[in-house]
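Please examine the sequence and the structure shown below. The explanation that follows takes one helix as its starting point and then turns to the contacts around it.

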Amino acid sequence: MTRVPRGYIARRRRTKMRSFASNFRGAHLRLNRMITQQVKRAFVSSHRDRGRQKRNFRRLWITRINAATRIYKVFDSYSKLIHNLYKKKLILNRPTES
């Protein structure tokens, strides 16, 4: 029984996946099934961690503003600062949580 070539479509799909896995190591770089699994997993992780990164930066931003308001004795806390800014209709451009 001779091997029947699958054609260029399957090869094109595999080379596309392989291009995403160029920085992987070991079997994750060499075996097609492992490549597809690991690339899908990497995409899921990157999608999830984009939202997580926004949350982390928002927390860091709030922490820094809170520390600065306490050091310079502007207000007792971050929440009081934001409340008074809203009362004076001064809107601070803060990244929203997503």
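In this predicted model, helix α3 has a kink of about 25°, centred on aspartate 49. The helix comprises residues 32–71. How far apart are the end C-alpha atoms of α3, and what span should its 40 residues have? At 1.5 Å a residue the expected span is 58 Å, and the end C-alpha atoms are 56 Å apart, so the two values agree. Just after α3, lysine 73 adopts a positive phi of about 55°.

Several residues of α3 are buried, namely Ile35, Gln38, Val39, Gly51, Arg58, Ile65 and Thr69. The elements that cover the buried residues of α3 include α1, α2 (27–30) and α4 (78–87).

Helix α1 is also linked to α3 through aromatic side chains. A search of the whole structure finds one aromatic pair. Its members are phenylalanine 20 and phenylalanine 43, whose ring centres are 5.1 Å apart. The angle between the ring planes is 80°; because planes over 60 degrees apart count as edge-to-face, the pair is assigned to that class. Phenylalanine 20 belongs to α1 (residues 8–20), whereas phenylalanine 43 belongs to α3, so the pair ties together parts that are 23 residues apart in sequence.

Are these two phenylalanines buried or exposed? Phenylalanine 20 has a relative accessible area of 42% and is therefore partly exposed. Phenylalanine 43 is likewise partly exposed, at 45% relative accessibility. Both values fall between the cut-offs of 20% for buried and 50% for exposed residues.

Notes: Residues numbered from 1 in each chain as written. Predicted model: local features only at pLDDT ≥ 70, side-chain atom pairs only at ≥ 80, totals over all residues. Heavy atoms only, no water. Phe/Tyr/Trp six-rings, centres within 6.5 Å; stacked < 30°, edge-to-face > 60°. Helix = DSSP H or I, 4+ residues; strand = E, 2+ residues; numbered from the N terminus. Buried < 20%, exposed > 50% of the residue type's maximum accessible area, 1.4 Å probe, protein only. Expected span 1.5 Å × (residues − 1). Bend = angle between axes of the 7 residues up to and from the residue. Contact = heavy atoms within 4.5 Å.
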